[in-house]
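Welcome! Take a moment to look over the sequence and the 3D view, and then we can walk through a few places together.

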Amino acid sequence: MTPEIQKELISLAIESRQIAYAPYSNFLVGAALLTVDGSIYTGCNVENTSYGLCICAERTAICKAVSEGHQEFQAIAVAANPFATPCGACRQFIVEFGKQIEVIAVDANNPEHVKNWVIEELIPENFKF
Ligand code: THU
């Protein structure tokens, strides 16, 4: 992934965060997912009054992409403030599609604060059926 594409993913994740539906936690999260063919799917968290039904931004983006015919991914950016890394459920959801997918976490209010991993580093010894 080029630095330009990383920048684009970061800015799309920050933008998507603005439309998150998070009236219960007030914790807005945005994500931008890069497919191997270069298309990008965004996502935000969507909460529910039945708290257990809340969906994270990363999983929203992955479900959007898969439901549009994509199953191979290069990278996913996630933006929050304060800075946050993907939750365990999202890590499992990402690694389903490849151990080498790059994960970029960014502080939405300070885009200079960025960390990069490959998903395998965030969920070692991951479950595989
Ligand atoms: N959240 C995400 O969107 N992604 C994560 O990786 C962690 C948590 C959301 C879920 C919930 O709407 C809010 O952040 C607070 O947990």
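In which loop is Pro82 found? Pro82 belongs to the loop between E3 and helix H3 (88-95). Please keep in mind that this is a predicted model. The peptide bond joining Asn81 and Pro82 is cis, with omega at about 0°.

A second backbone feature is worth a look. Asn26 has a phi near 55°, which is a positive value in a residue other than glycine. You can find Asn26 in the loop between helix H1 (3-17) and strand E1 (29-35). As background, most residues other than glycine have a negative phi, and most peptide bonds are trans.

Now let us turn to the ligand. What surrounds the ligand? Its neighbours are Ser25, Phe27, Val29, Asn45, Glu47, Cys56, Ala57, Glu58, Pro86 and Cys87. Sorted by class, this shell holds six nonpolar, two polar and two charged residues. Among the neighbours, Asn45, Glu58 and Cys87 also appear in the table of polar atom pairs below.

| Protein atom | Ligand atom | Distance |
|---|---|---|
| Asn45, polar side-chain atom | oxygen | 2.9 Å |
| Glu58, polar side-chain atom | oxygen | 2.7 Å |
| Cys87, polar backbone atom | oxygen | 2.9 Å |

Asn45 and Glu58 thus each appear with a side-chain atom, while Cys87 takes part through its backbone. On its own the ligand would expose 370 Å², and the protein buries 78% of that.

Where does the ligand sit? The space it takes is the largest pocket. In general, rolling a probe the size of a water molecule over the atoms shows where empty space is left. The largest pocket contains about 200 Å³ of space. Its lining is made of 17 residues, and the closest to the pocket centre are Phe27, Val29, Asn45, Cys56 and Glu58. These five residues are also listed around the ligand.

Which elements each supply at least two residues of that lining? Helix H2 (57-66) and strand E3 (73-80) both do so. By class, the lining of the largest pocket divides into 12 nonpolar, three polar and two charged residues.

To retrace the tour, you might start at the cis bond between Asn81 and Pro82, go on to Asn26 with its positive phi, and finish at the largest pocket, whose space the ligand takes.

Notes. Residues are numbered from 1 along each chain as its sequence is written. This is a predicted model: local features need pLDDT of at least 70, side-chain atom pairs count only at pLDDT 80 or more; totals for chains, interfaces and linings use all residues. Side-chain values use heavy atoms; hydrogens and water are left out. A residue is near a molecule or strand if one of its heavy atoms lies within 4 Å of it. A polar contact is a pair of N or O atoms within 3.5 Å; within protein, one must be able to donate a hydrogen and the other to accept it, and residues adjacent in sequence count only if both atoms are side-chain atoms. Accessible areas come from the Shrake-Rupley method with a 1.4 Å probe; for residues, only the protein chains shown count as cover. On a 1 Å grid over the protein atoms alone, a cavity is a set of points where a 1.4 Å probe fits but cannot get out, and a pocket is an open set with protein on both sides within 12 Å along at least five of seven lines; lining residues have an atom within 4 Å of a point. A molecule sits in a cavity or pocket if more than half of its atoms lie within 2 Å of its grid points. Ala, Val, Leu, Ile, Met, Phe, Trp, Tyr, Cys and Pro count as nonpolar, Asp, Glu, Lys and Arg as charged, and the others, Gly among them, as polar. Grid points are joined across faces, edges and corners, and a volume is the space filled by probe spheres set on the points. Helices (H or I, at least four residues) and strands (E, at least two) are DSSP runs, numbered from the N terminus.
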